[in-house]
Amino acid sequence: MNAMNQQLAGYAPTPVTARMENHGRAMLKVAMQSGQDLFARTGSMVAYEGFVQYEPNPPAVRQMASQWLTGEGAPLMKCTGDGLLYLADYGADVVVINLNNDALSVNGTNLLAFDAHLQWGVERVKGMAKFAGQGLFNVQISGTGWVAITSRGTPIVVDCGRGEDETYVDPDALVAWSPNLKVKGKRSFKASSMIGRGSGEAYQMAFSGQGIVVVQPSEDSTDRLRARG
Amino acid sequence: MAREFQRGHKAKISDLTAGTDLYVGVSIAGPGLTFDISCFGLDANEQLSDDRYFVFYNQPKSPEESIQQLGAQAGDSESFRVTLDRIPAGIHRLSFTASVDGDGQMSQIGPGYIRIVAGGEEVVRYSFTGSEFSTERALMIGDFYLKDVWRFAAVGQGFDGGLAALLKNFGGEVAEEEAAPEQQVPAQATGAPGFAPPPQAAAPAPSFGAPAQAPAQAPAQAPAPAAAFAAPPQPAAHQPAAPQQQPVHSAPTMVGPLTTPPAAPYGQPPHPPQQPGPPSYGQVPGRQPGYGGQVPPPAPAPAPYGQQPAYGQQPPYGQQPSYGQQPPYGQAPGQAPGQVPGQQPAAGAGLAAALQPYKEAPTGARWTPQNQQLMRVDLSMGGQAVLARQGSMVLYQGKVDFSYKGAGFAGRIVGNATGQEMQLMRCTGRGQVFLAETGAHLHAIELQGDGICVSAENVLAFDESLQHEVRRIEGHGIPGGALFTMQFQGSGTVIVKTHGVPVVLPVTPTTFADSNAIVAWSSASQVIISSQVRLRRNAYPGHSGETVNLQFRGAPGNFIVVQPYEV
C-alpha cells in the first residue's frame, strides 16, 4: 500500500453493521438489498457500489406527494438493488433513526432517505399558509424501519411536554417533530418585524402536547437538492 | 445532589454547600502522562505574592493549613482540603492547576474532572476531556475566588507552557529559564525566599516525576470523606482515551485491528439491532431475513450482490474496527473530534434512542451551550433581559416577549455606516430561548468587570446588564471604511459567534491579525492599523495586495481571538 493510500485509509467505509449508518457526519451509507427498497431525495446520491437502480419519478411518489411535485419532477426517487449507497445533502449533518413502531414528521427539506416499506404521507405544514408558495411540506413517516434526516449543524431535541407553555419554533430552523403534537402558526404582533428572517414577518410555529421537536442551529432552510438547476 | 458545571460556569460556594471545610478532588490522566496538580493561592491582583500559598508536591500545605494537599485517593488523581474560613484575608483566589510533567500535551488526556465534596457528598463537578485542548501543557482547571463571598468557577483554560509558565503567569519567579520544566520548579524552590521551610526539605528535589504523589501523601491529615487508597495516578478507566489528534493514529488502526473479531467481519456489530425475533427492519414478509440474520455464516456467505465479495469481507475494509468498536476518541481522522454522537445509539432501535445524543442539555445556568452551534439562555435565571441579534432565535419555550431594541442603540450606527444593519431584539420574560445563527460556532464569554472588544459582526447576544459601546476603527482598505467593534464591560455574558474553530493568541509585541478574520480582543490591548505589513499573499487576481492588518499591543495577559474565515 503506498503512502497516499495510507493517509486516505482512515476514510474507507467501515464494515456494514446496519441498514443505515453515518460515514462521517455528513454522509449516509445505506446497505441495499433486493426487496428492501429505499426512497431517497432526488439528487442526494453521491456514490454507490454494486447494482443499484434509480427510478426518478416513481408512481408511488407521484400519487402520495402530488402536491409536492413541481416542474422538476418528484422530490423522491426510488432506489432498488444490491450494494452500498452513499447519500449526502451538501454537507448537512445526517442523523440516522431506526424507527421502532414510532412516528415522525420531517420537514421535506430535511428528509434524506427512508425505507420504502414504512407508512408515509406528504402534507402541507399545518398553519403555514404563508409558505404555501414555497413548498414547505412535511413527510410523516411511521412504522418500523430506517429514516435518515439532515440538519444544518448539530441539531437539538427539545421535549415539548415540560410545561404548560407552548414551544415556539422558527419555521426555518425546524427539522422534525412528533406527529401527535398540535401545531399552529403564530404571528407575534408584539415582535412584529423582529423575529424570523427575510420578510421581517414574525412568524413561529407553536407546538403543544407531549412529544419532541428537532431544531437545527441555522435558519437556512434552502432546499439545496432542489435549488440546483 | 451534585451539579455538573460546564466551562465558564460559576456559583457561590454557599449555594453549593453550607460547609466551609471542603474536599477538592482533581482527576486528570492520559496514557503515559504524569501530572503535577497544584493550588495557587493568589492575591487580589491574581498574583502569587506569597510563595507559601503555592501548594504543590513540595509544599503540601499553606502556613495556617487552610489549604492542604492530600494526594491521590478516592479515584481522584490529587486531592486538597480547603478550609475557607481559615484562608487569610490576603488570599483572594485559589487556582487549581494541572501541568504535564515531561513530554505530552493536554490533547492527550482522557476524561478528567474537578469536584468539590462537602460532608462526604459531592456537590459540584466540572468535567473536561482532551478534545477541548490542543498543545497546551498546563491547565487551569477551576478557581475558588473571593468576590464578596467565596465562589467557584469552572475555568478549563489551557496554558501553553508547563508549570514554570504557570508560575510565571501568577507572578512567581523562575530562577533558571533555560532549564527544562522538570528542573525549573525545584530550582525556583531553592531560590525563592518564601520557600525556606518546605516541609519536605527536599530542596534539590532530584527527580520529582515519579514520587510526586508520595511525599504529599505522607503527611496526609486524612480528613477527607473517603479513606485514602493507593489508586495509581492514572486510573485504568481512563486508558481507552487514545490520543485523538495525532494523525499518526490512523495508520495503526488500519494495520493492526484491535478489536474486530476476525471470525465475523460483518454482521457482528457491537450494537446490532438486537431484537430477538425478526430483525428490527426489513419486516417485509417472505424476504431475506436481513442483516442480523446473516450473522452466522460469516465468511462463506453467498455474496449478497453481484460477484463482489460481501461488504465486510473486503480485506481492506474488514480489518478496520467498526465505528462502534473504536473507542469514542479514536475515531477515524476523517471525523472531527467531538462529533457524530449519533453513531452508536443509531444502531439501537427506536426514535428516542436515535435522538438521545441530541437531547437538550440540562438546566443549571443562565447560559448553557447545547452544542457547538446552539446556545440556550434561561431568562428565568438572573431575571435580566438579553439582547440578541435579530433572527437568531430558533426556538423558545415559556412566556418570552421579544421587542425591538429601540433607536438610540449604537447598533444602528453600526448598521447605517456599514450598510448592513445590525438589529437587536430584546428578550424578556420567563422561559428558555435557543439561539443560533447559520451553524456558526458559539462561545459564551463571561465578563466579571473586565472588558472585551468584539467585532460587531461576531456578536450574537449579550446580557443587557453589560455596558456596551460601539467603537470604530478606521483604516484604509477596510471594507466599508471602518471596522466596527462593540466593547463590552461589566458583569455578564457575551455570546460570540465564529466561523470554524477560533484561535486565541496572547498579545505579544508582534501580534497581527487580518481585519477580516479578527473576532475579539481584550479591551486593554491597543489596536494599531498596519497596512504595510503584508501577511497574506494576493488572495485573488485583481486584489490590490494591500490587506489591512491590525497590530495589537498590550500588557501580558491580553489576548485576541481570530477565526479561520475572512468575512
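User: Hi! Which residue is the bridge partner of B:Lys10 in S12(B)?
Analyst: Happy to help, and please keep in mind that this is a predicted model. S2(B) and strand S12 (residues 149-159) of chain B run antiparallel and are joined by 3 bridges. Within S12(B), B:Lys10 has as its bridge partner B:Ala153.

User: Which residue stands opposite B:Ala153 of S12(B) on the S11(B) side?
Analyst: Strand S11 (residues 138-147) of chain B pairs with S12(B) in the antiparallel sense, over 9 bridges. The residue that stands opposite B:Ala153 in S12(B) is B:Asp143.

User: Which residue takes a positive phi in the hairpin of S11(B) and S12(B)?
Analyst: Good one to check on a backbone plot! The hairpin has 1 residue between its strands. A positive phi near 70 degrees is taken there by B:Asp148.

User: What is the strand order of the open sheet of 6 strands with antiparallel pairing?
Analyst: Let's start from the edges: strand S2 (10-12) and strand S5 (54-55) of chain B each pair on one side only. Further in, strand S4 (residues 34-42) and strand S8 (residues 93-101) of chain B pair in the antiparallel sense over 9 bridges, with B:Ser38 opposite B:Thr97 in S8(B). The full order in chain B is S2-S12-S11-S8-S4-S5.

User: Is B:Ile37 buried or exposed?
Analyst: B:Ile37 has its place in strand S4 of chain B. Leaving out residues up to four places away in sequence, B:Ile37 touches B:Val26, B:Ile28, B:Ser77, B:Glu78 and B:Ala98. Because 31 C-beta neighbours lie inside 10 Å, B:Ile37 counts as buried.

User: What separates the C-alpha atoms of B:Ile37 and B:Gln69?
Analyst: Along the chain, these two residues are 32 residues apart. In space, the C-alpha atoms of B:Ile37 and B:Gln69 are separated by 9.4 Å.

User: How does B:Ala361 count, given its C-beta neighbours: what is the class?
Analyst: B:Ala361 is found in the loop between helix H8 (351-355) and strand S13 (367-371) of chain B. Setting aside neighbours within four places in sequence, B:Ala361 is in contact with B:Thr368 and B:Gln370. The C-alpha atoms of B:Ala361 and B:Asn371 are separated by 8.6 Å. Because B:Ala361 has 15 C-beta neighbours inside 10 Å, its class is partly exposed.

User: What is the strand order of the open sheet with mixed pairing?
Analyst: The edge strands here are strand S1 (3-5) and strand S6 (67-69) of chain B, each pairing on one side only. The twist from one strand to the next averages 20 degrees. This sheet of 6 strands in chain B has the order S1-S10-S9-S3-S7-S6.

User: Which residue in S9(B) does B:Val26 stand opposite?
Analyst: Strand S3 (residues 21-27) and strand S9 (residues 112-118) of chain B run antiparallel and are joined by 5 bridges. Opposite B:Val26 in S9(B) is B:Ile114.

User: Which residues have the most contacts inside the largest nonpolar core?
Analyst: That core has 117 residues. A:Val215 touches residues of both chains, including A:Ile156, A:Leu174, B:Val394 and B:Phe434. Apart from this core lies another, of 57 residues, among them B:Leu22 and B:Phe170. In the largest core, the residues with the most contacts are A:Val215 and B:Leu435.

User: What percentage of the residues of chain B count as buried?
Analyst: Chain B comes to 9 helices and 27 strands. Of its contacts between residues at least 6 apart in sequence, 71% join residues at least 24 apart. Among the 567 residues of chain B, the share that counts as buried is 45%.

Key. Residues numbered from 1 in each chain as written. Chains lettered and ligands numbered in written order. Predicted model: local features only at pLDDT ≥ 70, side-chain atom pairs only at ≥ 80, totals over all residues. Core = buried A, V, L, I, M, F, W, Y, C linked by C-beta atoms within 7 Å. Buried ≥ 20, exposed ≤ 12 C-beta atoms within 10 Å, placed from the backbone. Contact = placed C-beta atoms within 7 Å. Helix = DSSP H or I, 4+ residues; strand = E, 2+ residues; numbered from the N terminus. Pairing = 2+ DSSP bridges. Axes fitted to C-alpha atoms, helices over the stretch in contact; angles between N-to-C directions.
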